[in-house]
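I opened a fresh page for this chain. My plan is to go element by element and write down what I find.

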Amino acid sequence: MEREYQALPIRELGEGAGFRRPTQPQAARVTLESAALEVMTDLMRSSPAIIRPQAPVEGANQYMISRGVRLLLVVDEREVVQGVISARDILGEKPMRVAIDRGLKHTELTVGDIMTPAGDVEVLALADVQGARVGHVLETLRRTGRQHVLVVDYELQPSRRALEPALRRSMVRGIFSLSQVARQLGLALPGGGEVARTFSEIELALGR
């Protein structure tokens, strides 16, 4: 005998409704000796902030503000990573230089015009991060002079021709953010500061 299914009750959404977003568990306090993975934004648990290369630069800045992030992954319609764009890229001198070089108005610039292409993005391998400490992450960011670094793992894809080895494809797995590390260390740092100044404040706070 077939089961009868009753329709579920229909309700009104109502004005002023919000919507849920994926979130990581509350960020735990850490020390320099804590596992590096404790300060990594894990994309297996939290959706990345992404944008298309055709998007206007001004829109990218507003999107960062709305998401509370300072780095976006730039992906195409097939979700292949084309590069990254940071708040530093948008708010610095780069847009003006590119606009002058290409004879464009600032309002005509797209994300693709000023992003860092994927081929130029330096990353960390997840295998190296898994045994590392927060101190290693901070030192890596300090030496590179950056506020963010991507972490990748790899997946094997079948080769297109017989007898050829499988292809290894990089997959962005996580993101380290200097401001996130500082927050989890219990340090209140001013937003948007220069990397060198931020590190000097971290070292001063930690008594290094």
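**Helix H6 and what follows**

I began at the end of a helix: H6 is followed by Gly145, whose phi is positive, near 70°. I kept in mind that this is a predicted model. Then I went back into H6 itself, which spans residues 134-144. Which residues of H6 are buried? I found Val134, Val137, Leu138 and Leu141. Their arc around the axis is only 95°, which puts them on the same side of H6. I noted the background: an α-helix has 3.6 residues a turn, so residues three or four places apart point the same way.

**Overall count**

Next I stepped back to the whole chain. I listed eight helices and eight strands. The chain has 208 residues, and 32% of them count as buried. I also looked up contacts between residues at least 6 apart in sequence. Of these, 60% join residues at least 24 apart.

**Helix H1**

I turned to H1, residues 57-67. Here Val57, Ala60, Asn61 and Met64 are buried. They cover an arc of only 100° around the axis, which puts them on the same side of H1. Are Ile65 and Ser66, on the other side of H1, buried or exposed? I read both as exposed.

What covers the buried residues of H1? My list includes the strands E2 (50-51), E3 and E4. It also includes helix H2 (87-91) and helix H4 (111-114). Just after H1, I found Gly68 with a positive phi of about 70°.

**The four-stranded sheet**

E2, E3 and E4 had come up as cover for H1, so I traced their sheet next. It is an open sheet of four strands, in the order E2-E3-E4-E5, and the pairing is mixed. E2 and E5 (116-117) stand at the edges. Each has a single partner strand, so one side of each is left without a neighbour in the sheet.

I checked one pair more carefully. E4 and E5 are antiparallel and share two bridges. In this pair, Val84 stands opposite Thr116 in E5. A general reminder for my notes: strands of a sheet pair through backbone hydrogen bonds, either parallel or antiparallel.

**Strands E6, E7 and E8**

I then followed E7. How many bridges join E6 (residues 123-125) to E7? I counted three, and the two strands run parallel. Val123 stands opposite Leu150 in E7.

E7 also pairs with E8, and this time the strands run antiparallel. There are 10 bridges between E7 and E8. One facing pair I marked is Gln157 and Leu167, the latter in E8.

**The second largest pocket**

Last, I looked at a pocket. The second largest one holds about 580 Å³ of space. Its lining has 22 residues. Which of them lie nearest its centre? I wrote down Leu73, Val81, Ser170, Met171 and Val172.

The strands I had already visited turned up again. E3 (71-75), E4 (81-86), E7 (148-157) and E8 (167-177) each supply at least two residues of this lining. Which element gives the most? E8 does, with five residues.

I finished by sorting the lining by residue type. It divides into 16 nonpolar, two polar and four charged residues.

Terms used: Residues are numbered from 1 along each chain as its sequence is written. This is a predicted model: local features need pLDDT of at least 70, side-chain atom pairs count only at pLDDT 80 or more; totals for chains, interfaces and linings use all residues. Side-chain values use heavy atoms; hydrogens and water are left out. On a 1 Å grid over the protein atoms alone, a cavity is a set of points where a 1.4 Å probe fits but cannot get out, and a pocket is an open set with protein on both sides within 12 Å along at least five of seven lines; lining residues have an atom within 4 Å of a point. Grid points are joined across faces, edges and corners, and a volume is the space filled by probe spheres set on the points. Ala, Val, Leu, Ile, Met, Phe, Trp, Tyr, Cys and Pro count as nonpolar, Asp, Glu, Lys and Arg as charged, and the others, Gly among them, as polar. Two strands pair if DSSP finds at least two bridges between them. Buried means under 20% relative accessible area, exposed over 50%, partly exposed in between (1.4 Å probe, protein chains only). The arc is that of the directions from the helix axis to the C-beta atoms. Contact means heavy atoms within 4.5 Å.
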